[in-house]
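User: I'd like to learn how to read a structure feature by feature. Could you walk me through this one?

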Amino acid sequence: MKKTILSILLASSIFSYGAEIIAHRGDQRYAPENSAEAVSSALRNGADYVEFDIWQTKSGEQISLHCESQLRRLSGVFKKVEDITPEDRKKINLAEREYKHLKTVRIPLLVDVLKALPKNAKIVFDAKNGRSPDYYKKASQAYAEAKMDASNTLFYTHSPAEVKKYFPNSKCIKFLLPKQEGDTFQQSNKYFATNTPKNKYILKPLDAKKFAKRAKKEGYEALGIMSLHVKPSSQAFKKLCEDLKSEGLYLIVWTVNNPEEAKAYSKIVDAITTDDIRKIKEALK
């Protein structure tokens, strides 16, 4: 009897934080973000989901890369992502500056990233320019070539109907960019940082339930909540998440690297996106 009680207590302490962990652009401590090496390492080191960014270039390739600044920081090369050619992809070394232990890491195609993962891997797919013609058709062809189970993929997308055409069993994530002021929230029309000029974004009052209902009507099953301007320990934020969840939406918060903040978020959202999976996983034990 004592052993049974002890087992229950241990289990409740180990799993007291219930949120899943999403590796933001893979395991950045081991390999260049968005590389096949980074995403495969993330799952080996305990991430529940792996997230990566996919662009469709002017040449028609779908490549895993976040932005021009990431390319420049990792390789010293400055070029618009959409202008990267197959020749560039085969020459640029993403391990040039920060990951000498790997010697050479190329910009991968979407299919290369998928082939580096288990067939049933849980994926958060950020469709960077998903409005490009044939974007999701080409992505579905990559999934078929890699024999990847798409039912475990969540898409950050502005085109949920287009996603469902080619990925009928996948789910879609809508961005929510909130700004908390005391006990009230406003939402932004675009991503904004602490130093973003106010004329670059528009804020309007956020009605959580109306936002959630509209998102579901548009074809979304999940929300990606930017963490930059909210207070996870506040009762107001907890109520906001309760209202969003009441409509059956899966809540993801991004990007959280502080262990104490991760603990607070883990009690009220479904998943936490982080750059440091080891640190956050340890914090949530």
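User: Let's start with a single residue. In which strand is Phe 52 found?

Analyst: Phe 52 is found in strand E2. Please keep in mind as we go that this is a predicted model.

User: Is Phe 52 buried or exposed?

Analyst: Phe 52 has a relative accessible area of 0%, so it counts as buried. Leaving aside neighbours within four places in sequence, Phe 52 is in contact with residues including Asn 34, Val 39, Ser 64, Leu 110, Ile 123 and Phe 125. The C-alpha atoms of Phe 52 and Ala 23 are separated by 8.7 Å, and these two residues are 29 apart along the chain.

User: How do I read aromatic rings, and how many aromatic pairs does the structure hold?

Analyst: A pair of aromatic rings is described by how far apart the centres are and by the angle between the planes. This structure holds 14 aromatic pairs. Take Phe 125 and Phe 155, which form a tilted pair: 4.7 Å centre to centre, with 40° between the planes. Phe 125 belongs to strand E4 (residues 123–127) and Phe 155 to strand E5 (residues 153–156), so the pair ties together parts that are 30 residues apart in sequence. Both Phe 125 and Phe 155 are buried.

User: Which residues form one aromatic cluster with Phe 125 and Phe 155?

Analyst: Phe 52, where we began, is part of that cluster, along with Tyr 135, Tyr 136, Tyr 143 and Phe 167.

User: Now for empty space. What is the volume of the largest pocket?

Analyst: The idea is to roll a probe the size of a water molecule over the atoms, which shows where empty space is left. Here the largest pocket has a volume of about 980 Å³. Its lining is made up of 37 residues, and Asp 126, Phe 175, Leu 177, Tyr 191 and Trp 254 lie nearest the centre.

User: Which elements give two or more residues to the lining of the largest pocket?

Analyst: They are strand E2 (49–56), E4, strand E6 (171–176), strand E8 (184–188), helix H8 (208–218) and strand E11 (250–254). E6 gives the most to the lining of this pocket, with four residues. By type, the lining residues divide into 15 nonpolar, eleven polar and eleven charged.

User: I also want to check the backbone. Where is there a cis peptide bond?

Analyst: As a rule, most peptide bonds are trans, and most residues other than glycine have a negative phi. In this model a cis peptide bond joins Trp 254 and Thr 255, with omega about -15°. Thr 255 sits in the loop between E11 and helix H10 (259–266).

User: And which phi value does Lys 103 have?

Analyst: Phi of Lys 103 is near 65°, a positive value in a residue other than glycine. Lys 103 is in the loop between helix H4 (86–91) and helix H5 (110–115), and it is exposed, with a relative accessible area of 66%. Phi of Asp 134 is also a positive value, near 65°. Asp 134 is found in the loop between E4 and helix H6 (135–146) and is partly exposed, at 46% relative accessible area.

User: How should I look at a helix, and which residues are buried in helix H2?

Analyst: An α-helix has 3.6 residues a turn, so residues three or four places apart point the same way. In helix H2 (residues 36–44), the buried residues are Ala 36, Ala 38, Val 39, Ser 40, Ser 41 and Ala 42. What covers them includes E1, E2, H5 and helix H11 (277–283). Just after H2, Gly 46 takes a positive phi of about 105°.

User: Can loop residues be read in this way too? Where does His 229 lie?

Analyst: His 229 lies in the loop between strand E10 (222–226) and helix H9 (235–245). His 229 has a relative accessible area of 14%, so it is buried. Beyond neighbours within four places in sequence, its contacts are Pro 178, Lys 179, Gln 180, Phe 192, Ala 193 and Thr 194.

User: One last check: how many disulfides does a search of the whole structure find?

Analyst: The search finds zero disulfides. Among the cysteines, Cys 172 is buried at 0% relative accessibility, and Cys 241 is buried at 1%.

Definitions and conventions
Residues are numbered from 1 along each chain as its sequence is written. This is a predicted model: local features need pLDDT of at least 70, side-chain atom pairs count only at pLDDT 80 or more; totals for chains, interfaces and linings use all residues. Side-chain values use heavy atoms; hydrogens and water are left out. Rings of Phe, Tyr and Trp (its six-membered ring) pair if their centres lie within 6.5 Å; planes under 30 degrees apart count as stacked, over 60 as edge-to-face and the rest as tilted. Buried means under 20% relative accessible area, exposed over 50%, partly exposed in between (1.4 Å probe, protein chains only). On a 1 Å grid over the protein atoms alone, a cavity is a set of points where a 1.4 Å probe fits but cannot get out, and a pocket is an open set with protein on both sides within 12 Å along at least five of seven lines; lining residues have an atom within 4 Å of a point. Grid points are joined across faces, edges and corners, and a volume is the space filled by probe spheres set on the points. Ala, Val, Leu, Ile, Met, Phe, Trp, Tyr, Cys and Pro count as nonpolar, Asp, Glu, Lys and Arg as charged, and the others, Gly among them, as polar. A disulfide is a pair of cysteine sulfur atoms within 2.5 Å. Contact means heavy atoms within 4.5 Å.
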